[in-house]
Amino acid sequence: MPVKGRIDMLTTGIRTPVGLKISGADLATIERIGAKVEELLPGVRGTRSVFAERTAGGYFLDIAWNREALARYGISIDEAQTSVQNAIGGENVTTTIEGASAIR
């Protein structure tokens, strides 16, 4: 069963055999609905545990590109976005495969 559990998690993002995803545009509403579900589900027969994962507000950057200034320096939007992406999250430069055994 461990492999099935991992596959389920990869496909759904939920780390349990039974889960409920609540999605929408308003984080406060999602949070409120999740808390209500967390409050009500323990009363369902057979329920072992209930946990509503709290949504993280997070920090976001909205970048408004000054296209005239970028053009003045010969920088494309793609180059500017790549620079910001690399500055925030880095860039993969290679991939390694470790622990592979040779087939003879």
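Here are some notes on this predicted model, point by point.

1. **Confidence.** A good place to start is how far the predictor trusts its own work. The mean pLDDT of the protein is 81, and 80% of its residues reach 70 or more. Among the elements, helix α3 (residues 67-72) has the highest mean pLDDT, at 96, while α1 has the lowest, at 68. I would keep that pair of values in mind when looking at the model.

2. **Overall make-up.** The protein has four helices and zero strands, so the order from the N terminus reads simply α-α-α-α. Of the 104 residues, 6% are buried. Among contacts with a separation of 6 or more, 19% join residues 24 or more positions apart.

3. **Surface.** The accessible surface comes to about 9900 Å², and carbon and sulfur atoms hold 56% of that area. Leu20, Ile22 and Ile33 make a nonpolar surface patch of about 240 Å². Within this patch, isoleucine 22 sits in the loop between α1 (2-12) and α2 (27-40). Is isoleucine 22 buried or exposed? Neither label fits: its relative accessible area is 30%, so isoleucine 22 counts as partly exposed, because that class covers values between the 20% and 50% cut-offs.

4. **The salt bridge.** The count for this model comes to one salt bridge. The partners are lysine 36 and glutamate 39, whose side chains meet at 3.6 Å, N to O. Both residues lie in helix α2, three residues apart, about one turn of the helix. The spacing is easy to follow: an α-helix has 3.6 residues a turn, so residues three or four places apart point the same way. Side chains of opposite charge can then pair when their charged atoms come close.

5. **Cover over that pair.** The two partners fall into separate classes of accessibility. Lysine 36 has 43% relative accessibility and is therefore partly exposed, whereas glutamate 39, at 53%, counts as exposed. The line between these two classes is drawn at 50%.

6. **Helix α4 and what follows.** Which span should the 13 residues of helix α4 (residues 77-89) have? At 1.5 Å a residue, the expected value is 18 Å, and the end C-alpha atoms are indeed 18 Å apart, so the two agree. Just after α4 comes glycine 90, which takes a positive phi of about 75°. That residue is worth a look when you trace the chain out of the helix.

Notes
Residues are numbered from 1 along each chain as its sequence is written. Side-chain values use heavy atoms; hydrogens and water are left out. Helices (H or I, at least four residues) and strands (E, at least two) are DSSP runs, numbered from the N terminus. Buried means under 20% relative accessible area, exposed over 50%, partly exposed in between (1.4 Å probe, protein chains only). Contact means heavy atoms within 4.5 Å. Accessible areas come from the Shrake-Rupley method with a 1.4 Å probe; for residues, only the protein chains shown count as cover. Patches are made of residues with over 30% relative accessible area and no salt bridge: like charges are joined within 9 Å, nonpolar side chains (Val, Leu, Ile, Met, Phe, Trp, Tyr) within 5 Å. A salt bridge is a side-chain nitrogen of Lys or Arg within 4 Å of a carboxyl oxygen of Asp or Glu. pLDDT is the predictor's confidence in each residue, from 0 to 100. The expected span of a helix is 1.5 Å times one less than its number of residues.
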